[in-house]
Amino acid sequence: MIPAAFDYKVAESVEHAISLLTEHGDEAKLLAGGHSLIPMMRFRLATPGVLVDVGRLDDLRYIRRSNGTVAIGALTRHSELEHSAELAQACPMLSSVAALVGDPAVRHRGTLGGTIAHADPASDLPAAVLALGATIVAQGPSGRREIAATDFFTGYFESVLADDEMITEVRVPATGGGWNYQKFNRRAQDWAIVGVAVADGGAGVSLVNMGSTPLRASGVEAALASGASAADAAAVAAEGLEPPTDLNADSDYRSHLAQVLTQRALNAAGVA
Amino acid sequence: MTSVTLTVNGTERSFEVEPRTLLVHALRDDLGLTGTNVGCDSSSCGACTVLVDGESAKACTMFTVQADGAEITTIEGIANADGTLHPMQQAFHEKHALQCGYCTPGMVMAAISLVEEYPGLDEDGVRHGLEGNLCRCTGYQNIVDAVLQAAGTGGD
């Protein structure tokens, strides 16, 4: 399937990308690795009039640790997260989750900023940064702002990013606590039917594909904070949620799965 | 139309494309390199896998304009000039790692990249590493044997 025609612009810098976004308004989309956007364009689920290619902004490809924080450039590719010895040491959950995205060819092209901006509730890395309590740095015409990951995702494929903003950096805390990521799917390479990320010994717990956004499992976190066991905390994982029904699983099945996977993830993260 | 210059199998090629032209279509239709196949048309099957700057990529999930300036290697570009096969091709030949052959170019290119990226691959690593490449003849066993042989980590 051939995407609809579009005008192609190569961004020479972040500022240039933002000026192109400002010029073209909601007609324009940023193109980074393209591994979420191009499939949607091929199915004509997305028909942007202008693509602004930020994929050549190599100065946004980095992983830098300073004090207790790891700063990751938005165009850092999943394979670079996966193979970074520094990230594996400072924030092993993120490199480990990156290694579960798609397949190697997808990980060579897909970017951290791109997958977060795409805001797919079924994707792995948005939920991981949510559990980690990441900060997302976005740049727009009036400068930079820092957005807590917990405030970032607003709906199905929607975020607080304005049409003329782009993610430039993602900051995650270097965490010492137990962590785990459970990804449940039936076929290799599929999205998670349900996924659960546990960061920092249960201080951050998030759910994949349990609603219209990646979700913090705040009930589980609160139960753990007040001394509940992993089993008791996991029992409330789906409370108040309305997980989707699709050809893989219905809503009740997902709710059950979320509880089972939460307990497994907590146990694997060392929470009894 | 936009002009692009790609180095394809070691030769610089400049041509004009519509921005929406997928890399796989430029390779097949503009450059006549039909060894790279189109399979699923939805980024799942890996039949169109090529190397972009040495790393595997699905040529149906890249616009040609994104590859401007890049080095592309396709299945046509991996054998030696004297006709001797690339070690991965030779291993696929020796292990009979193909049935209908449709997935084979993508499998070989993905496997070359996989072996480079993950030293010391075992069987599990090969199976996981090739999960983005589908063989609808289900001939996976011999493919895994061939990759292990070429990786030098088994399969003798």
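This note goes through helix packing, the nonpolar core, the chain contact and some single residues of a predicted model.

1. Conventions. Local features need pLDDT of at least 70 and side-chain atom pairs count only at pLDDT 80 or more, while totals for chains, interfaces and linings use all residues of this predicted model. Residues are numbered from 1 along each chain as its sequence is written, and chains are lettered from A and ligands numbered from 1 in the order in which they are written. Helices (H or I, at least four residues) and strands (E, at least two) are DSSP runs, numbered from the N terminus.

2. Helices 3 and 5 of chain B. Helix 3 (residues 104–117) of chain B packs on helix 5 (residues 140–151) of chain B at an angle of about 40°, and their axes are 10 Å apart. Axes are lines fitted to C-alpha atoms, for helices over the stretch in contact, and angles run from 0 to 180 degrees between N-to-C directions. Helix 3 of chain B and helix 5 of chain B are therefore oblique to each other; angles under 35 degrees count as roughly parallel, over 145 as roughly antiparallel, 65 to 115 as roughly perpendicular and the rest as oblique. The crossing of helix 3 of chain B with helix 5 of chain B is right-handed (the near helix is turned clockwise from the far one by less than a right angle; anticlockwise would be left-handed).

3. Residues in that contact. From helix 3 of chain B, B:Met107, B:Ala111 and B:Val115 meet B:Ile143, B:Val147, B:Ala150 and B:Ala151 of helix 5 of chain B. Two residues are in contact if their C-beta atoms, placed from the backbone, lie within 7 Å. By class, this contact between helix 3 of chain B and helix 5 of chain B has seven nonpolar residues, no polar and no charged ones. Ala, Val, Leu, Ile, Met, Phe, Trp, Tyr, Cys and Pro count as nonpolar, Asp, Glu, Lys and Arg as charged, and the others, Gly among them, as polar.

4. Helices 2 and 5 of chain B. Helix 2 (residues 87–94) of chain B packs on helix 5 of chain B at an angle of about 140°, with 8 Å between their axes. That makes helix 2 of chain B oblique to helix 5 of chain B, and their crossing is right-handed. B:Pro87, B:Met88, B:Ala91 and B:Phe92 in helix 2 of chain B meet B:Ala146, B:Gln149 and B:Ala150 in helix 5 of chain B. Six nonpolar residues, one polar and no charged residues make up the contact of helix 2 of chain B with helix 5 of chain B.

5. Nonpolar core. The largest nonpolar core has 138 residues, of which A:Ala128 and B:Ala111 touch the most other members. Helix 3 of chain B gives the most to this core, with eight residues. Such a core is a set of buried Ala, Val, Leu, Ile, Met, Phe, Trp, Tyr and Cys residues joined through C-beta atoms within 7 Å. A residue is buried if 20 or more other C-beta atoms lie within 10 Å of its own, exposed if 12 or fewer, and partly exposed in between, with C-beta atoms placed from the backbone.

6. A:Ala128 and A:Ala197. Leaving aside neighbours within four places in sequence, A:Ala128 is in contact with A:Met93, A:Leu94, A:Val97, A:Tyr181 and A:Ala197. A:Ala197 is found in strand 12 (residues 194–199) of chain A and counts as buried, with 33 C-beta neighbours inside 10 Å. With the same neighbours left aside, the contacts of A:Ala197 include A:Met93, A:Ala128 and A:Tyr181.

7. Contact between the chains. In chain A, 22 residues are in contact with 25 residues of chain B. Helix 2 (37–42) and helix 6 (104–109) of chain A are the elements that give two or more residues to the side of chain A that touches chain B. The largest share of that side, five residues, comes from helix 6 of chain A. By class, the side of chain A that touches chain B has twelve nonpolar, six polar and four charged residues.

8. Positive phi values. Most residues other than glycine have a negative phi. A:Asn67, which is not a glycine, has a positive phi of about 50°. A:Asn67 lies in the loop between strand 4 (63–66) and strand 5 (69–73) of chain A and is exposed, with 7 other C-beta atoms within 10 Å. B:Asn9 also has a positive phi, near 50°, and is in the loop between strand 1 (2–8) and strand 2 (11–17) of chain B. B:Asn9 counts as partly exposed, with 18 C-beta neighbours inside 10 Å.
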